[in-house]
Amino acid sequence: MTRRQGMSSKQHRSLKKRTPWGLPVMVAAGALAACSSQPVDQAGDKGTEADKLMVVDCLLPGQIRQLGANARFLTARRPIKTTASECAIRGGEFTAFDRADYSTALKVWLEQAKSGDAEAQTYVGEIYEKGLGLAPDYEVAAVWYRRAADQNFTRAQINLGNLYEKGLGVNKDPIMALNWYRRASGLDGDNLQYASTIIANDALQKELSNLQGEVSKLEQYKAQTEEEKRRAAEKARAEQLAKQERDKANQATQTATLEVASLDPTLAPPSIQILDPPISLTRSGPTVLLRNAVSEKEIIGKVDSPAGLKSFTVNGKRVDVDEFNLFFIKVPVQGRKTDVAMNATDKVDQRVGFGFSMFLDQAANQSRTQKIEFDASSQSPKFDGVSFGRYYALVIGNRDYAYYTDLETPEKDARTIAEMLSKQYGFNTKLLLNATRYELLSALNEMREKLTEHDNLLIYYAGHGELDSQNDRGYWLPVDAEPGNTANWLSNVSISDQLNTFKAKHVMVVADSCYAGTLSTASVARQSAVAENELQKEWLELMVDVKARTVLTSGGVRPVLDSGGGDHSVFARAFIEALNTNNGLMDGNRLFISVLGDVRKRSQQFGIDQIPDYGAIKYAGHEAGEFFFVKAKSI
């Protein structure tokens, strides 16, 4: 749905009905939705009651303790995260409206952190990482995270791994990041893999070489004398300079940007990420085990190149990447083993390669059938004997806005998804249509009070979204949201704060709105490609006991389509079809891969590149778990 300035909701819908649906590009122009737009009208200040349901850093008063028959003493004040209302009832101290304050947040948690409390140390690290009104200090954040991580506090281990993954405050080291992720999740064997991507770069190549026991060129280079090293280096530099001169002569039209890049030695080389299929890093090398005999296997991945990508090949065949640096290629499967070799070269001729092997596991078809059970009394599904706990869903569909143009599909999307989750998956579902900020926060508060540490919660949001360009913060817009006034908006930071206080074991947010991608941050755990039932059961037993806070977004940090999927949005249709076709167990990452391909293909038909995203929610209490959908057919 396009936002036309000065046009009312009714005028816009009238015009849209006259749009010829046979023209894909025109449909796309009239189908962008879940994005804020020129206001229809203005209104006064609202939502003060909802502020009481916001989560704050609360400093509770000390407790009076009795010691023996005659002695009493007052304990130190205790920091907690809770709602403003609860903090006030318990006589706590908190900042009511200015949450983005560095000194106020530190005041609550610092003393407890200095005493050695791992949770408080982690919160202090997050305060420094967020910045909260100042520039983020990642180095100090890493110090506090490490103190808590060394005490085996999983949330700190995840946060520290994320800093290593991104090179914030520490040297970028994907192997160190992987080790912290694995330690947090409890994965200590070669057959279980942590990470949503396998990153091919210098560090990983060295690690793989060590695992495979190969004699590499690097080892040969180490055996040379210092003089041979010096001569080799001088020769390499001379050849590089000569090549650059030839390139300049042959490419007179080279842009100034590339000329600067070619002289910049600090630009990182390309990196190759494999999104699907999952790859196991075993001592025999990177491996994909195929469960069924197929003629070809689709490889989905991403190539990042700071200097610009010159070429990318898979098994010698040139492969194009899209504007998001994604590639989708089908590789023929030949016999029991198929080798896959990938090579990326950037525009300053830095090259990186990555290879893995796909094996057909002939024993996979002989494995026992995994049985789905459902305990009606506990409302808990079981898969292969592993119990997942009770499932709840809060499904929100905001269509009719007071001060923004209305949307077309959120109500239909929400109704269909709520019914599917209830009937096919056994969710205890709450449907919330056209919710105000107070209603939305009240529903979240209800879930917080109801759910236990054995429960799972899915939150599905369809509606308008907004992005604050000053701090890159995304917002959900309730139906009473007012343009230019964030009082009735709900920020992604607030959503993370809410989820951080939930006892629920696994929480997954699915957001079909513009700019929802600002919720996603880091890698998530997933099952390796190993097919044996024993290993799958081991994986499930690990994951169901570890907290998860993940998010699947419809289009990253950009506008998304409101229609294009029949009666549903492009994303909602892909989400519904993925869960409808699931016949057993599906984790969040597998759902993401299914939705990714479907949304990408459908959105391109309308001249739009919409790319979903999936990851852990930062500052929401994620501890390396995963969200699972178990189709309980017996319900």
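The legends below describe close-up views of a predicted model.

**View 1. The whole chain as the setting for the closer views.**
In this predicted model, the chain contains 18 helices and 33 strands, and 52% of its 635 residues count as buried. Among contacts between residues at least 6 apart in sequence, 73% join residues at least 24 apart.

**View 2. Helix α7 and its surroundings.**
Helix α7 covers residues 154–166, and its 13 residues reach 18 Å from the first C-alpha to the last, close to the 18 Å expected at 1.5 Å a residue. Because 12 of these 13 residues are buried, α7 is largely enclosed by the rest of the structure. The buried residues include Thr154, Arg155, Ala156 and Gln157 towards the start of the listed stretch, together with Ile158, Asn159, Leu160, Gly161, Asn162, Leu163, Tyr164 and Glu165. The helix is followed by Gly167, and the phi of this glycine is positive, near 70°.

**View 3. The packing of α7 against α8.**
Two packed helices are described by the angle between their axes and the distance between the axes. Helix α8, made of residues 174–185, packs with α7 at an angle of about 165°, and the two axes lie 8 Å apart. An angle over 145 degrees counts as roughly antiparallel, and α7 and α8 are therefore roughly antiparallel to each other. The crossing in which α7 passes α8 is left-handed. On the α7 side the contact involves Thr154, Gln157, Ile158, Leu160, Gly161, Asn162, Tyr164 and Glu165, and these meet Pro174, Met176, Ala177, Trp180, Tyr181, Arg183 and Ala184 of α8.

**View 4. The packing of α5 against α7.**
Helix α5, made of residues 118–130, packs with α7 at an angle of about 30°, with the axes 10 Å apart. Angles under 35 degrees count as roughly parallel, and α5 and α7 are therefore roughly parallel to each other. Their crossing is left-handed. From α5, the residues that make the contact are Thr122, Tyr123, Glu126 and Glu129, while α7 contributes Arg155, Ala156, Asn159, Asn162 and Leu163. Asn162 of α7 thus appears in this contact with α5 and also in the contact with α8.

**View 5. Helix α13 and the residue at its start.**
Helix α13 comprises residues 410–425, and its end C-alpha atoms are 21 Å apart, which agrees with the 22 Å that its 16 residues should span at 1.5 Å a residue. Pro410 belongs to this helix and is buried, because its relative accessible area of 3% falls under the 20% cut-off. The C-alpha atom of Pro410 is separated by 5.6 Å from that of Arg399, although these residues are 11 apart along the chain. The other buried residues of α13 are Glu411, Asp413, Ala414, Ile417, Ala418, Met420, Leu421 and Tyr425. Just after the helix, Gly426 takes a positive phi of about 75°.

**View 6. Strand β10 between its partners β7 and β13.**
Strand β7, residues 271–276, runs antiparallel to strand β10, residues 296–304, and 5 bridges join the two. In this pairing, Ile272 of β7 stands opposite Val303 in β10. Strand β10 is also joined to strand β13, residues 326–332, by 7 bridges, and these two strands likewise run antiparallel. Here Ile300 of β10 stands opposite Phe328 in β13.

**View 7. The hairpin of β17 and β18.**
Strands β17, residues 380–383, and β18, residues 386–387, run antiparallel and are joined by 2 bridges. Lys382 stands opposite Ser387 in β18. The hairpin has 2 residues between its strands, and Asp384 takes a positive phi there, near 55°.

**View 8. Two asparagines with a positive phi.**
Most residues other than glycine have a negative phi. Asn315, although not a glycine, has a positive phi of about 50°, and its place is in the loop between β11 (309–314) and β12 (317–318). With a relative accessibility of 41%, Asn315 counts as partly exposed. Asn434 likewise shows a positive phi, near 50°, and lies in the loop between β20 (428–433) and α14 (437–450).

Terms used: Residues are numbered from 1 along each chain as its sequence is written. This is a predicted model: local features need pLDDT of at least 70, side-chain atom pairs count only at pLDDT 80 or more; totals for chains, interfaces and linings use all residues. Side-chain values use heavy atoms; hydrogens and water are left out. Helices (H or I, at least four residues) and strands (E, at least two) are DSSP runs, numbered from the N terminus. The expected span of a helix is 1.5 Å times one less than its number of residues. Buried means under 20% relative accessible area, exposed over 50%, partly exposed in between (1.4 Å probe, protein chains only). Two strands pair if DSSP finds at least two bridges between them. Axes are lines fitted to C-alpha atoms, for helices over the stretch in contact, and angles run from 0 to 180 degrees between N-to-C directions. Angles under 35 degrees count as roughly parallel, over 145 as roughly antiparallel, 65 to 115 as roughly perpendicular and the rest as oblique. A crossing is left-handed if the near helix is turned anticlockwise from the far one by less than a right angle, and right-handed if clockwise. Contact means heavy atoms within 4.5 Å.
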